[in-house]
Amino acid sequence: MLSCTCSLIWGGLLALAGLTAASPVATGPLPIAVRHTSYSPSTPEQRDYNASSSLSPVVSLPRTIQSDLTTLLSPHALVILPSSPSFTQYTHRWSLNTHTNSPSYGVIVIPASERDVSLTIQYANAHSIPFLATTGTHGTWQGLSQLQGGMAIWTRNLTKMEFAADGNSATLGGGLRGDDVVPALWARGKQTTTGSCRCVSLLGPALGGGHGWLQGQYGLGADQILSARVVLANGTAVKASSTENSDLFWALRGAGHNFGVVTEVEYKLYDAVRPEWTYQSFTFTQDRLEEVYRVHNEVMRNQSQYVVYWSLWRLVPEVDPVNPILVSTVYYNGPASEATSYFAPFAALSPLQTTPVQTTDYPGLAAAAQFRVTDWACQPKAGATVYGMDVDSYDVRGLRKSYNAFRDMMRAEPALSLSMAYLEGYALQAVQAVPYASTAFALRDRKLLYGFLVTYEDTARNKTLDAQAQNWGEKVRDAAYGETVKQKSVYVNYAKGSESLQAMYGYEGWRQERLKMLKKKYDPEGRFSFYAPIQV
C-alpha cells in the first residue's frame, strides 16, 4: 500500500525520513562558529505551529539562522522560517494528526546540492539542532512527533536523473518521487522496481526494503541500488557500494533511515520487454471471507513472478451499510489472452461483482489501483496511521478476528469509517534470489504485506480520534497474526512504533549486533533517530 510504502496506500505509505540527493562535497567538518543567541517564536503562526505537541520541548534556534545558512549554502538553496507565507507548504504531511506522528519545525532548509546537505547538517550539529530529512512525508511512525521546533531538510529539489550510456542504470536524486521516475523511464523503454504509490519517494521505500509490482522479476527497491552518495551524521559525504564503505552499503538497504541522508543512488534499470498488464477485480461480502482467503493461499503457493494478488477491505454503504466488503484484484504482467487462468479461481467463487478484464501499461497501474498523485490515497488526511505486519500466508481464522475488529471499529466510531485494509501479495522469485545475509532487509521470506490504514477527516476531534485510532489499529493488526505466528514481523515502512527492533530488522542475533555496531560507527549520537531507530 505504502509501497505505493503508500498506496490507496501502498508505499510504501512511504517516503520517510532520512533521504536526499546530489553533488560533490567537503569530506570533513567545516569551521562553523557556534552562536549562543536564540529566539522564541513570536508571531501567532510561529506560536501555533511550535505548540502543536507537548511531547518534547521546542528547540531554541539561533536568531541569525536564516542569514547564517543563506550565506553558507549555494545560491539556489532556500531557508524558510515559520513567519514566511510559504512555510506551511513545506511542513504539510500526508497525515496531519499532530498529536501522534507529526514533527514540527522552526526552520525549513531546501538544499540544492549534496554540499548544501552537508553544510546544513554541520551547522545543525554545531548548534545542537535536531533535524529530519524529508521527501514524500508519508511515514506515520509515532516517534516523528518527538521532533518539535527543529529543522526540516526538505530534499525534493534534489532531482538529478542521468542515464548510463548502456541504459542499464541511472543516477537518481534522493528527492525524486515515483511520479518523476516511472514516466521518465517508460519514455526510454525502461522500468525498475518502484513503490506502487506514485506520490511517495523513490528512496523512502527502498531504504526500508522497497516492495513493488515488479519485485518478483527484479527484486526489491533496495536490490536495485548499485551505489549511494550519503551525507553522514557528522556532515561528511561518502560513497557506499559493494567496494566502498561496504558495511554502510549493507545497512542502507533495509535500515537506511538510520544512517544518513542519501543524496543520490545509482539504480538498476531494465528493458520493458513485457509492456502490457492485465487486471480484474472481484468483490465479495464478508460472509465469504474464509473461502476467499483460502483461495488466496492456494494461488500464492506457486505464484508466478508476473502476478500480484492484492486484497482490500472497505466500507461501501451502497453494497452493505454496516459490513466492509472484500475486493480481490489480480494483476498480471502480460496480455489478456494469458491472464484468464490467474483470474479463474476467484471468478469460480461467484463474486457479488466482477469488473471487466482491463489492460494497461506499467505507468498506468497507478491509475488502475487509484494510486496517482491526485487520487484519494495520496491526498493529505486529517489523521492517518498505518498498522503493518508481514506474514508468509493468510491465517484465515486470525483474519476473521481481524476483520471483525475492523468492522466493530467502524460501528463504534463512524468517524473512522473511511479506514481501509490493504493486503498485498507480491511474488518473491527475484527477492529470494538475493542472498539473505547480503543486505539489512530481513523479511525476504514473507509473501504478504498487510497495511491497516486507520483514517479520519474530523479535525475538530483530532486528539480524541487519534487515541481511538491507535487502540483499534493495534487490535485489528494483532488479531490478524492468528495463533500460529511465533515471531511477529513488520515492513519498517509500515511500522507504527510499538514494534520491536527484531520485528523490523530481523531476529537473528548477528543481524541485530551488526546493525547496532554500524549505528554506533556512523551515527554515534543518534542524529538519525526519529524514524524506526536502532538503539545502541
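**Exercise 1.** Which strands does α4 lie across, and at about what angle does α4 run to β6?

*Solution.* Keep in mind that this is a predicted model. Start with the strands: α4 lies across β4, β5 and β6. Now the direction: α4 runs at about 175 degrees to β6. Angles over 145 degrees count as roughly antiparallel, so α4 is roughly antiparallel to β6.

**Exercise 2.** Work out how the four-stranded sheet is put together.

*Solution.* Step one is the order: this open sheet goes β3-β4-β6-β5, and the pairing is mixed. Step two, look at the edges: β3 (78–80) and β5 (131–134) each pair on one side only. Step three, check the twist, which averages 20 degrees from one strand to the next. Step four, zoom in on one pair: three bridges link β3 to β4 (residues 105–110) in the antiparallel sense. Here L78 sits opposite I110 in β4. Last step, add a helix: α2 (residues 65–72) lies across β3, β4 and β6 (150–154), and runs at about 175 degrees to β3.

**Exercise 3.** Find the edge strands of the five-stranded sheet and say what is missing beside them.

*Solution.* First write down the order, β7-β8-β12-β10-β11, in an open sheet with antiparallel pairing. The ends of that list are β7 (161–163) and β11 (237–241); each has a single partner strand, so one side of each has no neighbour in the sheet. From strand to strand, the twist averages 15 degrees. Further in, β10 (residues 225–231) and β12 (residues 261–268) run antiparallel and are joined by six bridges. A228 faces V265 in β12. Helix α4 (residues 114–126) packs on this sheet too, touching β10, β11 and β12, with its direction at about 45 degrees to that of β10.

**Exercise 4.** Describe how α9 and α12 meet.

*Solution.* Begin with the geometry: the axes of α9 (residues 289–300) and α12 (residues 396–412) come within 10 Å and cross at roughly 135 degrees. That makes α9 oblique to α12. The crossing is right-handed. Then list who touches: L289, E290, Y293, R294 and N297 from α9, and V396, L399, R400 and Y403 from α12. Sorted by class, this contact has five nonpolar, one polar and three charged residues.

**Exercise 5.** Where does pLDDT stay under 50?

*Solution.* Take the whole chain to begin with: its mean pLDDT is 89, and 88% of its residues reach 70 or more. The stretch you're after is residues 5–56, where pLDDT stays under 50. Where pLDDT is low, don't read the predicted coordinates in detail.

Note on methods: Residues numbered from 1 in each chain as written. Predicted model: local features only at pLDDT ≥ 70, side-chain atom pairs only at ≥ 80, totals over all residues. Heavy atoms only, no water. Axes fitted to C-alpha atoms, helices over the stretch in contact; angles between N-to-C directions. Helix = DSSP H or I, 4+ residues; strand = E, 2+ residues; numbered from the N terminus. Parallel < 35°, antiparallel > 145°, perpendicular 65-115°, else oblique. Left-handed = near helix turned anticlockwise from the far one by under 90°. Contact = heavy atoms within 4.5 Å. Nonpolar A, V, L, I, M, F, W, Y, C, P; charged D, E, K, R; others polar. Pairing = 2+ DSSP bridges. pLDDT = per-residue confidence, 0-100.
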